[in-house]
Amino acid sequence: MDKHNVFREAEELQEYWNQRILGRANGNLFKVAKGIGEVDWHAHDDQDETFLLLNGELTVRLRDRDVVLEPGDLFTVPAGVEHAPVAPTEAHFLIVGPAVTSNAAGGKPAWSH
C-alpha cells in the first residue's frame with residue numbers, strides 16, 4: 001500500500017494521453033494522466049470512463065454536446081458512448097474505470113503513439 005499525490009504524479013508524466021496506474025480498488029483502476037490537444041473519437045463498449053479534472057480545462061466532446069470540465073469537476077462517459085476529449089492547454093486528470101482495456105489506443109491521437 002502506497003500513498004500517491006495525484007497532482008505530483010500528473011506533473012511528472014512525460015507523455016500526453018498516457019496513463020499511470022496509482023491504485024486499484026473494488027475492480028477499478030485509478031489512473032492519472034495529462035493531455036493537450038485533441039483525442040480521436042472512440043468508445044469503450046465494456047466500461048464506463050470517469051474523469052476527475054485536477055487542473056487545466058478539459059472538454060469531453062460527445063456526439064450530441066460538449067461537456068466542459070473545470071478543476072474539481074467529475075464526469076462519467078457511459079459504456080459504449082463515443083467521446084473525444086480535448087484540452088486547449090495542458091490538463092491533468094484522474095481516470096477511474098474497471099481493470100480492463102477495451103480500446104488499447106484509448107483514442108490517443110496518432111502523434112502521441
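## The chain from end to end

Following the sequence, the secondary structure reads α-β-β-β-β-β-β-β. That gives one helix and seven strands in the chain, and keep in mind that what you're looking at is a predicted model. Of the 113 residues, 37% are buried.

How do the contacts spread along the sequence? Taking those between residues at least 6 apart, 64% join residues at least 24 apart.

## A hairpin at β1 and β2

Let's start with β1 (residues 19-25), which runs antiparallel to β2 and is joined to it by six bridges. One spot to look for is Gln19, which sits opposite Ala33 in β2. The two strands make a hairpin with two residues between them. In that turn you'll find Asn26, with a positive phi of about 55°.

## Lys34, a buried charge

Stay on β2, which covers residues 28-38, and you'll come across Lys34. Which side chain of opposite charge is nearest to this lysine? It's Glu90, 4.1 Å away. Lys34 is buried but has no salt bridge, because the cut-off for one is 4 Å.

Lys34 does have a polar partner, though: a polar atom of its side chain lies 2.6 Å from the backbone oxygen of Leu13. Not counting residues up to four places away in sequence, Lys34 also touches a string of others, including Ala10, Glu11, Tyr16, Trp17, His92 and Phe93.

## The nonpolar cores

Now for the largest nonpolar core, which has 16 residues. Phe51, Leu58, Val60, Leu69, Phe75 and Phe93 touch the most other members. Two or more residues come from each of β3 (49-55), β4 (58-62), β5 (66-69), β6 (74-77) and β7 (83-98). Strand β7 gives the largest share, with four residues.

Phe51 is a good place to zoom in. Setting aside neighbours within four places in sequence, its contacts include Leu58, Val60, Leu69, Phe75, Val77, Pro85, Phe93 and Ile95. Apart from this core there's another one, made of five residues, with Ala10, Leu22, Val32 and Leu54 among them.

## β6 and its two faces

Which residues of β6 are buried, and which are not? The side chains alternate along the strand: Phe75 and Val77 point to one face and are buried. Leu74 and Thr76 point to the other face and aren't buried.

As for its pairing, β6 runs antiparallel to β3, and four bridges join the two. Here Glu49 stands opposite Val77, one of the buried residues of β6.

Technical notes. Residues are numbered from 1 along each chain as its sequence is written. This is a predicted model: local features need pLDDT of at least 70, side-chain atom pairs count only at pLDDT 80 or more; totals for chains, interfaces and linings use all residues. Side-chain values use heavy atoms; hydrogens and water are left out. Buried means under 20% relative accessible area, exposed over 50%, partly exposed in between (1.4 Å probe, protein chains only). Lys and Arg count as positive and Asp and Glu as negative; His and the chain ends are not counted. A polar contact is a pair of N or O atoms within 3.5 Å; within protein, one must be able to donate a hydrogen and the other to accept it, and residues adjacent in sequence count only if both atoms are side-chain atoms. Contact means heavy atoms within 4.5 Å. Two strands pair if DSSP finds at least two bridges between them. A nonpolar core is a set of buried Ala, Val, Leu, Ile, Met, Phe, Trp, Tyr and Cys residues joined through side-chain atoms within 4.5 Å.
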